[in-house]
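Work through the exercises below with the sequence and the 3D structure open. Try each task before reading its solution.

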Amino acid sequence: MSQDFWLQNYDAACRMAQEIAENIHERNRLQRTGGNPAKLNMTLRASLQKLKQNIAQLRDTLNRAAAKRQIMQAEADRRQNLVDDLATRETRLNASFKGDITEAEPARSSLMTGGNGSGPAVNPWLINEPEETRGLGFGEIKHQQQQIIEVQDAGLDALAAVISRQKQMGQDIGNELEEQNEIIDDLTQLVDKTDSRIKNETHRVRLLETKSASCGMWVVIVLLLIAIIVVAAWQK
């Protein structure tokens with residue numbers, strides 16, 4: 001036996017119990033409003049019988065798995081408690097269904113017959129029902145839920161539009177940054193070229209200064225030689 005398979009069957013049985021409780025409520029609403037619940041009663045009888053069979057199958061499968069030690073004892077005990085609780089729900093649903101066929105519908109929070117027989121007990125599936133759905137039929141609840149979904153969809157659409165605009169803004173900023181980077185690259189290249197030209201011109205100026213200094217020195221030497229020659233000639 002696969003553990004997942006057993007748990008899947010248990011979850012399916014719980015969903016069936018929930019659906020039965022909802023159908024009992026709908027049947028009671030039809031009775032209250034003068035509708036014909038005959039078809040729903042037939043569905044409820046079949047569903048209750050199916051739920052009982054599913055619970056019996058869960059018990060049998062669990063007992064065989066525990067006997068073969070396919071699951072730990074602690075897990076077997078936990079699942080046994082789950083099945084017992086589900087069986088209690090099935091018993092209460094049967095009592096609620098049979099009682100409501102011949103008697104007037106009790107309050108929505110008291111669909112199930114109490115253990116002392118003196119009055120209805122609390123329906124565990126409807127006790128936490130919100131105020132917004134009390135007194136509404138399943139069609140009305142479905143319509144209300146549809147409206148809520150439409151409002152949520154509209155909100156999601158608005159959020160998607162905002163995200164789309166932000167994405168476009170991000171792309172525009174990215175494009176602008178790329179253009180600015182290109183401009184900076186061009187400026188960097190221009191600065192590098194200008195710096196290279198300045199270095200070249202500086203080198204040329206230094207060469208000219210060196211040449212000018214050399215020429216000046218030769219001029220001085222030539223003048224000194226001429227002066228010496230003149231003095232020597234004058235002395236003779």
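**Exercise 1. A salt bridge in α3**

Task: Find the salt bridge that Arg-89 forms, and say how far apart its closest N and O atoms are.

Solution. The model is a predicted one.
Step 1. The partner of Arg-89 is Asp-85, and the closest N and O atoms are 3.3 Å apart.
Step 2. A salt bridge needs a side-chain nitrogen of Lys or Arg within 4 Å of a carboxyl oxygen of Asp or Glu, so this pair qualifies at 3.3 Å.
Step 3. Arg-89 and Asp-85 are four residues apart in helix α3, and therefore about one helical turn separates them.
Step 4. Arg-89 is partly exposed, because its relative accessibility is 27% and the class runs from 20% to 50%. Asp-85 is partly exposed as well, at 36%.
Step 5. In general, side chains of opposite charge can pair when their charged atoms come close.

**Exercise 2. Other salt bridges**

Task: State how many salt bridges the rule gives, then describe the one between Arg-29 and Glu-26 and the one between Arg-204 and Glu-201.

Solution.
Step 1. The count is eight salt bridges.
Step 2. For Arg-29 and Glu-26, the closest N and O atoms are 2.8 Å apart. Both residues belong to helix α1 and sit three residues apart, about one turn of the helix.
Step 3. Glu-26 has a relative accessible area of 14%, so Glu-26 is buried. Arg-29, at 21%, counts as partly exposed.
Step 4. Arg-204 and Glu-201 meet through their side chains at 3.4 Å, N to O. They are three residues apart in helix α4, so about one helical turn lies between them.
Step 5. Arg-204 is exposed, with a relative accessible area of 51%, whereas Glu-201 is partly exposed at 43%.
Step 6. A network of salt bridges links Glu-75, Arg-78 and Arg-79.

**Exercise 3. The order of elements**

Task: List the elements of the protein chain from the N terminus on, and say how many helices and strands there are.

Solution.
Step 1. The order is α-α-α-β-β-α.
Step 2. This comes to four helices and two strands.
Step 3. Among contacts between residues at least 6 apart in sequence, 61% join residues at least 24 apart.

**Exercise 4. The nonpolar core**

Task: Say which elements give two or more residues to the largest nonpolar core, and which residues Ile-20 touches.

Solution.
Step 1. The largest nonpolar core has 23 residues. Those with the most contacts inside this core are Ile-20, Leu-51, Leu-58, Leu-86 and Leu-93.
Step 2. The elements giving two or more residues to the core are α1 (3-33), α2 (38-67) and α3 (73-102). The most come from α1, with nine residues.
Step 3. Leaving out residues up to four places away in sequence, Ile-20 touches Leu-44, Ser-47, Leu-48, Leu-51 and Leu-93.
Step 4. For the protein chain as a whole, buried residues make up 23% of the 236 residues.

**Exercise 5. The surface**

Task: Name the residues that make the nonpolar surface patch of about 570 Å², and decide whether Met-217 is buried or exposed.

Solution.
Step 1. The patch is made by Met-217, Trp-218, Ile-221, Leu-225 and Ile-228.
Step 2. Met-217 is part of helix α4 (residues 138-235).
Step 3. With a relative accessible area of 55%, Met-217 is over the 50% limit and therefore exposed.
Step 4. The protein chain exposes about 17,100 Å², of which carbon and sulfur atoms supply 57%.

**Exercise 6. A positive phi**

Task: Locate Arg-69 and give its phi.

Solution.
Step 1. Arg-69 is in the loop between α2 and α3.
Step 2. Its phi is near 60°, a positive value in a residue other than glycine.
Step 3. Most residues other than glycine have a negative phi.
Step 4. Arg-69 is exposed, with a relative accessible area of 75%.

**Exercise 7. Confidence**

Task: Find where in the protein chain the confidence is lowest and where it is highest.

Solution.
Step 1. The mean pLDDT of the protein chain is 79, and 78% of its residues reach 70 or more.
Step 2. The lowest confidence is in strand β1 (residues 112-113), at a mean of 40, and the highest is in α2, at 93.
Step 3. Over residues 100-128, pLDDT stays under 50. For these residues the model has 65 contacts beyond four places in sequence.

Notes
Residues numbered from 1 in each chain as written. Predicted model: local features only at pLDDT ≥ 70, side-chain atom pairs only at ≥ 80, totals over all residues. Heavy atoms only, no water. Core = buried A, V, L, I, M, F, W, Y, C linked by side-chain atoms within 4.5 Å. Buried < 20%, exposed > 50% of the residue type's maximum accessible area, 1.4 Å probe, protein only. Contact = heavy atoms within 4.5 Å. Patch = residues over 30% accessible without salt bridge, like charges linked within 9 Å, V, L, I, M, F, W, Y side chains within 5 Å. Areas by Shrake-Rupley, 256 points an atom, 1.4 Å probe, with all protein chains shown as cover. pLDDT = per-residue confidence, 0-100.
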